[in-house]
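Student: I'd like to learn how to read helix packing, burial and backbone angles from a model. Can we work through one together?

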Amino acid sequence: MPGELHPGRSGHKRSTVMAYVSLTKPRVMELLLVTTAPVMFLAEGGLPPLWLLVATLVGGAMAAGSAGALNCYYDRDIDAVMHRTENRPLVTGEVSPRGALIFALVLGIGSIVWLGGFTNWVAAGLTAIAIGFYAVIYTMILKRRTRQNIVWGGAAGCMPVLIGWSAVTGGLSWEPVLLFLVIFFWTPPHYWPLAIKYRADYEAAEVPMLPVVAPSRTVSRQVLLYAWAMVASSLVLVPVGHMDVVYTATAVAVGAWFLIQCHQLQRQVGTQGFEERISGPAMKLFHGSITYLSILFVAIAVDPFVHLWS
């Protein structure tokens, strides 16, 4: 009976929609948006116009989704090899390669036109650079060729702070550049612990993530060096951006907390190597990196209001 077939059709459509949504890598998108809005508060010196905030976040979400979908399209061969990614829609066949590519391009072009029309063309241009850098420079060129892939490829993930600032001001200054550096130096301590856990996956896919091609002590030392550079960059923002007590205290506290975690991982890796039991501490640092960045950027959003209230 037709009434009996309708739930099946509805369920299939819902499943297809969810498959396309998963191509956009929503968790990565959330992290990118978390860094965009606070920078807009900082650029405005308070609450930016609500419509500008919404328009920038919508355009940023579309751009991040486009970059994620293009990554899934190009990497579908190695995604099929890795246990972590073997259930992605292009691997399971829920979405066709042609469908994924069209979806990604429509999202990407749409995000640039949207931001150009509702914010300004500086923000739109930076968005185009971010999508192209992640899809071409990182995914197609760096990822499979060099152990520095995530270092330089991670620059695409730093672009939202530039986009958010330029959406408010129409240009750039030293504050967003410093925040760009914070995220740039944050990316290796964030991603390499994850690569430690999934080292066998990357090795099987022949992707030269640093934990695959370098000794464990080298990886832990690099994580620590980048973490120190990240914290230093966050503190330079205090005099440059005339930051108040909220940001200053937060940057010092969460920076110290994260550095302690990095030192702990270095000690553990130095004695245990890449055995299974090190994946737990590595993932603790991975989740800790997300906590660090989230708290730091909440402080960036709150700090301008201290000036208004004082």
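Student: At roughly what angle do the axes of helix 3 and helix 6 cross?

Tutor: Some ground rules before the angle. This is a predicted model, where local features need pLDDT of at least 70 and side-chain atom pairs count only at pLDDT 80 or more, while totals for chains, interfaces and linings use all residues. Residues are numbered from 1 along each chain as its sequence is written, and side-chain values use heavy atoms, with hydrogens and water left out. Helices (H or I, at least four residues) and strands (E, at least two) are DSSP runs, numbered from the N terminus. Axes are lines fitted to C-alpha atoms, for helices over the stretch in contact, and angles run from 0 to 180 degrees between N-to-C directions. Here, the axes of helix 3 (residues 50–74) and helix 6 (residues 97–118) cross at roughly 155 degrees and come within 8 Å.

Student: What does that angle make helix 3 and helix 6 to each other?

Tutor: The convention is that angles under 35 degrees count as roughly parallel, over 145 as roughly antiparallel, 65 to 115 as roughly perpendicular and the rest as oblique. Helix 3 and helix 6 are therefore roughly antiparallel. As for handedness, a crossing is left-handed if the near helix is turned anticlockwise from the far one by less than a right angle, and right-handed if clockwise. Helix 3 passes helix 6 in a left-handed crossing. Sorted by class, their contact has 18 nonpolar, 8 polar and no charged residues. In this scheme Ala, Val, Leu, Ile, Met, Phe, Trp, Tyr, Cys and Pro count as nonpolar, Asp, Glu, Lys and Arg as charged, and the others, Gly among them, as polar.

Student: And is the crossing of helix 9 and helix 10 left-handed or right-handed?

Tutor: Right-handed. Helix 9 (residues 155–169) and helix 10 (residues 174–197) pack at about 155 degrees with their axes 8 Å apart, so they too come out roughly antiparallel. The contact includes Trp165 and Met159 of helix 9, and Phe180, Ile183 and Phe184 of helix 10; contact means heavy atoms within 4.5 Å. By class, the residues of this contact are 12 nonpolar, 1 polar and 1 charged.

Student: How far apart are the end C-alpha atoms of helix 13?

Tutor: They are 37 Å apart, which agrees with the 36 Å that the 25 residues of helix 13 (residues 216–240) should span. The expected span is 1.5 Å times one less than the number of residues. Try it on helix 2: its 19 residues should span 27 Å, and the end C-alpha atoms are 27 Å apart, so that agrees.

Student: Which residues of helix 2 are buried?

Tutor: Buried means under 20% relative accessible area, exposed over 50%, partly exposed in between (1.4 Å probe, protein chains only). In helix 2 the buried residues include Met29, Leu31, Pro38 and Phe41. Back in helix 13, you'll find Ser233, which counts as buried because its relative accessibility is 8%. Beyond its neighbours within four places in sequence, Ser233 is in contact with Leu178, Leu181, Val182 and Phe185.

Student: What does Ser289 touch?

Tutor: Ser289 sits in helix 15 (residues 279–309) and is buried, since its relative accessibility is 0%. Not counting residues up to four places away in sequence, Ser289 touches Trp186, Pro189, His190 and Phe258. Compare Leu57 in helix 3: at 24%, Leu57 counts as partly exposed. With the same sequence neighbours set aside, Leu57 touches Leu33, Thr36 and Ala37.

Student: Now the backbone. Where is Lys25?

Tutor: First the general idea: most residues other than glycine have a negative phi. Lys25 has a positive phi of about 55 degrees although it is not a glycine. It lies in the loop between helix 1 (2–23) and helix 2 (26–44), and with 15% relative accessibility it counts as buried.

Student: Is Glu206 buried or exposed?

Tutor: Exposed, because its relative accessibility is 68%. Glu206 is in the loop between helix 11 (199–204) and helix 12 (210–213), and its phi is positive, about 60 degrees. Ala205 is also in the loop between helix 11 and helix 12, but at 12% Ala205 counts as buried. Two more for your list: His242, just after helix 13, takes a positive phi of about 50 degrees, and Gly45, which follows helix 2, has a positive phi near 75 degrees.
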